[in-house]
Amino acid sequence: MSNAAADLGVLGVAQNLQQRLMSTGHDRPEGDRCPICFDLIELPMNKHSSINICCMKKVCNGCALTAYWQGLRGCEFCRTPHPGDAASKLAMIQKRADKKDAVAIKVLGEKYYYGILGVAKDVPRAIELCTEAAELGLLDAHFQLGRMYYNGDGVEEDKPRGIRHWQQAAMKGHVESRHMLGGTEYENRNYELAVRHYMISAKMGDQGSLNIIKKMFREGHATKAQYAEALMGYRDAVEETKSPQREEAKRLGL
């Protein structure tokens with residue numbers, strides 16, 4: 001095969017990937033829904049929900065507040081009492097990780113990465129666990145690996161590898177990964193692609209993406225129509241995540 005033909009082949013693969021990136025992942029995954037009320041959790045999810053290590057379910061603050069009012073002091077989903085010390089918490093996480101629970105494996109990886117919950121800091125082990133969780137299909141694990149490799153955070157920097165992890169997650173609706181892809185295109189001054197990525201994540205409810213589109217509009221890299229479309233989509237997405245219980249949780253500072 002000639003060099004010209006090889007270059008055309010590589011270009012074709014890149015164009016096909018770009019087409020898939022832009023045509024898929026416009027809806028958030030089912031894992032972003034609260035398992036009790038079944039509504040999508042507002043972004044950022046770590047602010048508006050909490051994960052219970054007994055069952056690895058992410059419960060929205062509204063449902064957690066309702067359960068508390070009803071007298072429940074354990075897990076809102078599976079009713080397991082909350083573990084009282086670090087050793088018990090670690091054992092609970094390890095038990096689910098041993099059963100190949102992808103979320104538990106990723107959570108265990110975080111403990112090794114930060115050296116918390118009685119676990120010695122071990123970044124290679126953390127990456128190994130996150131990789132296993134990603135192979136099991138956990139989008140959050142792809143996002144974390146993308147960040148580690150792209151930034152050289154505890155591992156040798158490998159930006160293309162980091163981007164590939166974000167691409168895999170973004171095509172399945174992972175909002176943070178989509179936002180990061182927008183950032184890589186912005187850094188490379190590929191403003192048209194950056195806006196397209198940011199518009200997708202903004203219309204899924206990501207305020208950070210919306211703010212950057214507004215900034216790009218002021219810089220002349222995005223149109224007024226694009227910003228208006230993103231703003232309307234963002235507002236619709238956020239509205240879908242609201243409930244009286246969640247609004248009360250916000251009012252109480254939860």
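In this predicted model, the largest nonpolar core holds 24 residues, and the members that touch the most others are Met-56, Ile-93, Leu-108, Tyr-112, Ile-127 and Leu-145. At least two residues of this core come from each of the helices α4 (86–98), α5 (102–114), α6 (123–135) and α7 (139–151). In soluble globular proteins, nonpolar side chains tend to be buried together. For Leu-145, the contacts outside its neighbours within four places in sequence are Ile-127, Cys-130, Thr-131, Ala-134 and His-165. A second core, separate from the one that contains Leu-145, has 14 residues, including Val-195, Tyr-198, Leu-231 and Tyr-234.

Helix α12 covers residues 224–240. With 17 residues at 1.5 Å a residue, helix α12 should span 24 Å, and this agrees with the 25 Å that separates its end C-alpha atoms. The expected span is taken as 1.5 Å times one less than the number of residues. Buried positions in α12 are Tyr-227, Ala-230, Leu-231, Gly-233, Tyr-234, Ala-237 and Val-238. Among the elements that cover these buried residues are α10 (191–202) and α11 (207–219).

Aromatic side chains form 4 pairs in the model. In one of them, Tyr-186 and Tyr-191 have ring centres 5.4 Å apart and planes at 65 degrees, so the pair is edge-to-face; the cut-off for this class is an angle over 60 degrees. Tyr-186 has a relative accessibility of 21% and therefore counts as partly exposed. Tyr-191, at 22%, also counts as partly exposed. The aromatic pair of Phe-217 and Tyr-227 is stacked, with 6.3 Å from centre to centre and 5 degrees between the planes. Because Phe-217 belongs to helix α11 and Tyr-227 to helix α12, this pair ties together parts that are 10 residues apart in sequence. Phe-217 is partly exposed, with a relative accessible area of 33%, whereas Tyr-227 is buried, with a relative accessible area of 18%. The limit that applies to Tyr-227 is 20%, under which a residue counts as buried.

Two tyrosine rings are also found with a charged side chain over them. The charged end of Arg-73 is placed over the ring of Tyr-68, at 3.7 Å from the ring centre. Over the face of Tyr-113 lies Lys-121, with a distance of 5.0 Å to the ring centre.

Note on methods: Residues are numbered from 1 along each chain as its sequence is written. This is a predicted model: local features need pLDDT of at least 70, side-chain atom pairs count only at pLDDT 80 or more; totals for chains, interfaces and linings use all residues. Side-chain values use heavy atoms; hydrogens and water are left out. A nonpolar core is a set of buried Ala, Val, Leu, Ile, Met, Phe, Trp, Tyr and Cys residues joined through side-chain atoms within 4.5 Å. Buried means under 20% relative accessible area, exposed over 50%, partly exposed in between (1.4 Å probe, protein chains only). Helices (H or I, at least four residues) and strands (E, at least two) are DSSP runs, numbered from the N terminus. Contact means heavy atoms within 4.5 Å. Rings of Phe, Tyr and Trp (its six-membered ring) pair if their centres lie within 6.5 Å; planes under 30 degrees apart count as stacked, over 60 as edge-to-face and the rest as tilted. A charge sits over a ring if NZ of Lys or CZ of Arg is within 6 Å of the ring centre and within 35 degrees of the ring normal.
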